[in-house]
Amino acid sequence: MNIYCRFLRKVVDINSNNDIIVATLRLAARKESIMIVNNPPMGWNSWNTFGPNINEQLILETADAMVEKGYRDAGYEYVVIDDGWMLRERRDGKLVVDPEKFPHGMKFIGDYIHSKGLKFGIYSAAGTLTCQGFPGSFGHEYEDARMFADWGVDYLKYDLCHYPGCGDIKNSYLTMSMALRSTGRDIVYSGCTVGQEEPHTWMRSVGAHLYRSTGDINDNLQSIRGNAMSQLRKLYSSAPGCYNDIDMLVVGMHGKGHVSYTNGCTDREYFLHFAMWCLWSAPLMMGGDIRTLSDECRAILQNKELIKINHKLK
């Protein structure tokens, strides 16, 4: 046990009722077991195609498609529900799952995803509201983290919208990091400041496993190229433990979806898009509707050689 831990133990012995110190000591003692993400996370996120228009059937069918269409075997493991899953008001201080969209609740969703050999991701935000105006986690970090853990969540995307002007953004991301660790569950922590506050300089230090370094991607080549090239000189800060997230993939959307404002890209341009994300060692979070993607686009997303490059495998 290092000097810091021995000092904390003495303090705890003097004041054993200090819950904060006790929690800090426990975290220090389990340092060796804190999760390290050794490769850029791979999975699917609901936002690019569906925005807030999500529901239980969509998520269950997507989990099925992840397995049946070979994505799980290619390395994709997270099914992430983005903004729009909750009601507009908390109840007794807790976030409330929208019963019309998800009638069986999130624990049911998590159990189903896990039964497929996949992992379950959820969304919240560091501000008072999410980007779509639903309740954020500001001031509720520990309650929300505990609820996510109880649902079996394996991945949290933590966005930045409606943040109080008097707040400290870096401290808020650190607070959620500590809250997630206090649950005792390994949860991948995706810090999303959409490039604000130069996240490449501090996100690793607050415990994030990946961080959004760009604005939102759109389904066109200009947006794809812009996101990738904006981070070319910052790739030094992306490595095992914490990866530079240049936003989710738009492969296969072809102008259909929430972030599509044109006819989208050609398959050749989607190949370039995927290749750049792999070369950058960026997280590979699919954003298209994988239930209906063409065979050509599925082959792009499951390209073994490019995924090896993304994971730095020989």
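Which residues have the most contacts inside the largest nonpolar core? They are Ile81, Trp85, Met106, Tyr173, Phe274 and Trp277. Keep them in mind for the views below.

This is a predicted model, where local features need pLDDT of at least 70 and side-chain atom pairs count only at pLDDT 80 or more, while totals for chains, interfaces and linings use all residues. Residues are numbered from 1 along each chain as its sequence is written, and side-chain values use heavy atoms, with hydrogens and water left out.

**View 1. The whole chain and its core.** The protein chain has twelve helices and eight strands; helices (H or I, at least four residues) and strands (E, at least two) are DSSP runs, numbered from the N terminus. Of its 314 residues, 54% are buried. Here buried means under 20% relative accessible area, exposed means over 50%, and partly exposed is in between (1.4 Å probe, protein chains only). The largest nonpolar core has 89 residues; a nonpolar core is a set of buried Ala, Val, Leu, Ile, Met, Phe, Trp, Tyr and Cys residues joined through side-chain atoms within 4.5 Å. In soluble globular proteins, nonpolar side chains tend to be buried together. Contact means heavy atoms within 4.5 Å, and among contacts in the chain with a separation of 6 or more, 72% are between residues 24 or more positions apart.

**View 2. Ile81 and Phe120, two residues that touch.** Leaving out residues up to four places away in sequence, Ile81 touches ten-odd neighbours you can pick out, including Ile59, Met106, Ile109 and Phe120. Phe120 lies in strand β3 (residues 119-125). At 0% relative accessibility, Phe120 counts as buried. With the same neighbours in sequence left out, Phe120 touches Val79, Ile81, Met106, Ile109 and Trp151, among others. The C-alpha atoms of Phe120 and Met106 are separated by 9.7 Å, and the two residues are 14 apart along the chain.

**View 3. Helix α4 beside helix α6.** Two packed helices are described by the angle between their axes and the distance between the axes. Helix α4 (residues 56-68) and helix α6 (residues 105-115) pack at about 10°, with axes 10 Å apart. Axes are lines fitted to C-alpha atoms, for helices over the stretch in contact, and angles run from 0 to 180 degrees between N-to-C directions. That makes α4 roughly parallel to α6; angles under 35 degrees count as roughly parallel, over 145 as roughly antiparallel, 65 to 115 as roughly perpendicular and the rest as oblique. The crossing of α4 and α6 is right-handed: the near helix is turned clockwise from the far one by less than a right angle, while anticlockwise would be left-handed. On the α4 side, look for Glu56, Ile59, Leu60, Ala63 and Asp64; on the α6 side, for Gly105, Phe108, Ile109, Tyr112 and Ile113. These contact residues divide into seven nonpolar, one polar and two charged. Ala, Val, Leu, Ile, Met, Phe, Trp, Tyr, Cys and Pro count as nonpolar, Asp, Glu, Lys and Arg as charged, and the others, Gly among them, as polar.

**View 4. The buried residues of α6, and what comes after.** Gly105, Met106, Ile109, Gly110 and Ile113 of α6 are buried. The buried residues of α6 pack against α4, β2 (78-80), β3 and α7. After α6 comes Gly117, with a positive phi near 75°.

**View 5. Val67 in α4.** Val67 lies in helix α4 and counts as partly exposed, at 23% relative accessibility. Setting aside residues up to four places away in sequence, Val67 touches Arg72, Lys116 and Leu118.

**View 6. Helix α7 against helix α8.** The axes of α7 (residues 141-151) and α8 (residues 169-182) come within 8 Å and cross at roughly 40°. That makes α7 oblique to α8. This crossing of α7 and α8 is right-handed. Glu141, Tyr142, Ala145 and Arg146 in α7 meet residues of α8 including Thr175, Met176 and Ala179. The contact of α7 with α8 has six nonpolar, two polar and two charged residues.

**View 7. Helix α9 alongside helix α10.** For α9 (residues 221-230) and α10 (residues 267-279), the axes come within 11 Å and cross at roughly 15°. That makes α9 roughly parallel to α10. α9 passes α10 in a left-handed crossing. Leu221, Ile224, Asn227, Ala228 and Met229 of α9 make the contact with Glu269, Leu272, His273, Met276 and Trp277 of α10.

**View 8. Two loop residues with positive phi.** Most residues other than glycine have a negative phi, and most peptide bonds are trans. Asp92, not a glycine, has a positive phi of about 55°. Asp92 sits in the loop between β2 and α6 and is exposed, with a relative accessible area of 77%. Val194 has a positive phi too, of about 45°. Val194 lies in the loop between β5 (188-192) and β6 (210-212).
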